[in-house]
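Let's take a walk through this chain, starting with the overall picture and then zooming in on a few backbone details. Have the model open and turn it as you read.

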Amino acid sequence: YELTLGVQPANSGTVTGAGNYTTNQSVNISATANNGFTFSHWQNEQGVQISTANPYTFNMPPANITYTAVFTANPYQVALGITPANSGTVTGAGTYTFGQNVNISATANNGYTFVRWQDATGAPVSTNNPYSFTMPANNVNYTAVFTANSYELTLGVQPANSGTVTG
């Protein structure tokens, strides 16, 4: 009889052990999670959970069967910071699963302008605000970089030609 193996969701891992077996033959199947996923369980064609063991050993029934390895996406953290202190606010920090779309945004306080997002090493990530990215298989720590606005101060004297001013 034929044993067919599948993976759910697609591209979340790999499986071994599919093939042809005789009735009551011992079968050993295993699942390996791809980066960003964790093995959860085996299920049958009807979606009923069969086992959480990995590898899983069973005796082949007298029928063709399909088992699917079910994986779950791992959760990761998005931490957001601000530099310099009190120059603005950020939104979008939290827990996301691998592959999930993440939207972060920065709002400058009065007297400041948003410049860029940078990673924990200080390397520039993006000048887009808001900024969207796909959650990688690791925690993310981004900082919104703001710059203080420059303003021009013009000085004059009255009446004209009555003196000088500096600063």
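Start with the overall dimensions. This is a predicted model, and the chain has a radius of gyration of 29 Å, whereas a compact globule of 167 residues would come out near 15 Å. The box tells you about the proportions: along the principal axes, the C-alpha atoms fill roughly 110 × 25 × 20 Å. So if you're wondering why the chain doesn't pass for a compact globule, set its 29 Å against the value near 15 Å that the globule rule, 2.2 Å times the number of residues to the power 0.38, leads you to expect.

What is the chain built from? Strands, 16 of them, and 0 helices. As for how the pieces touch, take the contacts with a separation of 6 or more: 57% of them are between residues 24 or more positions apart.

Now for the surface. Of the 167 residues, 30% are buried. The chain exposes about 9800 Å², and carbon and sulfur atoms supply 47% of that area.

With the big picture in place, let's zoom in on the backbone, beginning with the loop between β1 (2-8) and β2 (13-16), where you'll find Pro-9. The peptide bond leading into this proline from Gln-8 is cis, with omega near -10°. Stay in the loop between β1 and β2, because Asn-11 is found there too. Asn-11 isn't a glycine, yet its phi is positive, at about 65°. Is Asn-11 buried or exposed? Its relative accessibility is 66%, and exposed means over 50%, so Asn-11 counts as exposed.

Next, move along to the loop between β3 (19-20) and β4 (26-33), which holds Asn-24. Here is another residue other than glycine with a positive phi, this one near 70°. Asn-24 has a relative accessible area of 58%, so with the cut-off for exposed at over 50% it is exposed.

One more stop: the loop between β6 (49-51) and β7 (56-59). Pro-55 is found in this loop. Which kind of peptide bond joins Asn-54 and Pro-55? A cis one, with omega about 5°.

To put the tour back together: you have a chain of 16 strands and 0 helices, in a box of roughly 110 × 25 × 20 Å. Along the way come cis bonds from Gln-8 to Pro-9 and between Asn-54 and Pro-55, plus positive phi values at Asn-11 and Asn-24.

How values were computed
Residues are numbered from 1 along each chain as its sequence is written. This is a predicted model: local features need pLDDT of at least 70, side-chain atom pairs count only at pLDDT 80 or more; totals for chains, interfaces and linings use all residues. Side-chain values use heavy atoms; hydrogens and water are left out. Helices (H or I, at least four residues) and strands (E, at least two) are DSSP runs, numbered from the N terminus. Buried means under 20% relative accessible area, exposed over 50%, partly exposed in between (1.4 Å probe, protein chains only). Contact means heavy atoms within 4.5 Å. Accessible areas come from the Shrake-Rupley method with a 1.4 Å probe; for residues, only the protein chains shown count as cover.
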